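User: I would like to go through this structure with you, beginning with the whole chain and then moving to local detail.

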Amino acid sequence: MKLLYYLPLSYGGIARYAHEQANALVGLGTEVYLLTTASYPIGPESNYKVLPYLQDLWSSQRSSNKITRGIQYIRVTLFNIQQLTQTIQKHPFQSILLGSYSEYLAPLWSGSLTRLAKEGKTFGAIVHDPVRDFVVGPYWWHRWSIACGYSFLREAFVHEVIALETVRPMPQLRTTVIPHGPYPFPSVPMSREELRRRFSLPVEAKVLLAFGHIRDNKNLDLVIQAIVNIPDIYLLVAGKEQSSQQKPAWYYQQLAEKCGVGDRIRWHLDFIPDIDVASFFTATDLVLLTYSESFRSASGVLNTAAVFRKPCLASSGESNLKSVVEQYKLGFWVQPDSVNAIQQGLQTWLRGSLEPCWDGYLMDYSWKTNAERVLKSML
């Protein structure tokens, strides 16, 4: 089978997901072509073909002018869809997998893909965020965009059983649940004690890890407030700011100083390359996944923590994250968006014991199973 994988976002969790999924598809005999940007990190472990024809979707964020950013975002989005259409027609491809469902500006670009679907092309999409409650523009435009974004799809792949809100009936659309596989990273040739000294952490302290992009919905501010009255806990923050629309790192740093816990927090505010990821997880005891109620997806950080067998403190809305944490006992679940709930969860962790089912989780949530279900549906 020959498959075109469309990925206009070439970094972060979605790009990492696409890399693992594409390799798994290749392992099952699929010829995968990844249509992405020139900045996509091509490594020696990439067994698929990369077509670097797209423009950077987030180049619009570099301007300080909101109108300029909006115009640039529209231009890049339409250019990339044009490249997708031309690539499908040129090679040609029969099966096309979108690396992430997106409804933004869909009334402007879905027409060309709808025409290709009517010609017999099969479109599928990974729906990482199935609850589309982030409204851009007027509500009528938001709902029209959602409907257009689903209109040409035959397959929708989700990580949790859910009835997708497609606005209007989509009789052609089938939904398939696929697992979010684990993220393997190179091991580190240093002990836990050596790494703690490297990060200026007490060797015997209890250390929390907040990993990945700094975003409002991860509730880092609530975590900072929660550790005020738990003096033995230290916090390691590793990741870069996501965008200018989110609270900046200095907001959390100032909050930590105001709360009197600044000396117990270590900040590594930069992109963490794959070769360094193991250092942060090996040095810590508990991984923070304290998402707000608006988060209703799977977590890439959880699937990294599972590889290193690190339990988590987790919260979110109804989601795959909640299901797997509770089913496989991967950590401690607390109510979202609450300082008191986080504090009580940390105290439960400090007092109690946990027996996570790591082997069962890693067996059930594999990339091979993911790829097998995708191929079965697309075929």
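User: What does the accessible surface of the protein chain come to, and what percentage of it belongs to carbon and sulfur atoms?
Analyst: The accessible surface is about 17200 Å², and carbon and sulfur atoms hold 53% of it. Areas come from the Shrake-Rupley method with a 1.4 Å probe, and for residues only the protein chains shown count as cover. Please note that this is a predicted model, in which local features need pLDDT of at least 70, side-chain atom pairs count only at pLDDT 80 or more, and totals for chains, interfaces and linings use all residues. Residues are numbered from 1 along each chain as its sequence is written, and side-chain values use heavy atoms, with hydrogens and water left out.

User: Which radius of gyration does the chain have, and what would a compact globule have?
Analyst: The chain has 21 Å, which agrees with the value near 21 Å for a compact globule of 379 residues. The radius is taken over C-alpha atoms, and the globule rule is 2.2 Å times the number of residues to the power 0.38. Along the principal axes, the C-alpha trace spans about 65 × 45 × 35 Å.

User: How many helices and strands are there?
Analyst: There are 13 helices and 13 strands. These are DSSP runs numbered from the N terminus, with helices being H or I of at least four residues and strands being E of at least two.

User: What share of the residues is buried?
Analyst: Of the 379 residues, 54% count as buried. Buried means under 20% relative accessible area, exposed over 50%, and partly exposed in between, with a 1.4 Å probe and protein chains only.

User: Why is helix H9 described as largely enclosed?
Analyst: Seven of the nine residues of H9 (residues 300–308) are buried, so the rest of the structure largely encloses this helix. Among them are Val 301, Leu 302 and Phe 308. The cover over the buried residues of H9 includes strand E8 (206–211), helix H8 (274–283) and helix H10 (320–327), where contact means heavy atoms within 4.5 Å.

User: Which elements do the buried residues of H10 pack against?
Analyst: They pack against E11, H9, E12, strand E13 (331–333) and H12. The buried residues of H10 include Leu 321, Val 324 and Val 325. Just after H10, Lys 329 takes a positive phi of about 55°.

User: Where else is there unusual backbone geometry?
Analyst: As background, most residues other than glycine have a negative phi, and most peptide bonds are trans. Leu 105, in the loop between E4 and helix H3 (106–118), has a positive phi of about 65°, and at 13% relative accessibility Leu 105 counts as buried. Ser 200 has a positive phi near 60°; this serine lies in the loop between H5 and E8 and is partly exposed at 48%. A cis peptide bond, with omega about -20°, joins His 91 and Pro 92. Pro 92 lies in the loop between helix H2 (66–90) and E4.

User: Turning to strand E4, is Ser 95 buried or exposed?
Analyst: Ser 95 is buried, at 8% relative accessibility. Leaving aside residues up to four places away in sequence, Ser 95 touches Met 1, Lys 2, Leu 3, Leu 4, Thr 122 and Met 378.

User: Finally, how many disulfides are there?
Analyst: The count is zero, a disulfide being a pair of cysteine sulfur atoms within 2.5 Å. Cys 148 is buried at 8% relative accessibility, whereas Cys 259 is partly exposed at 26%.
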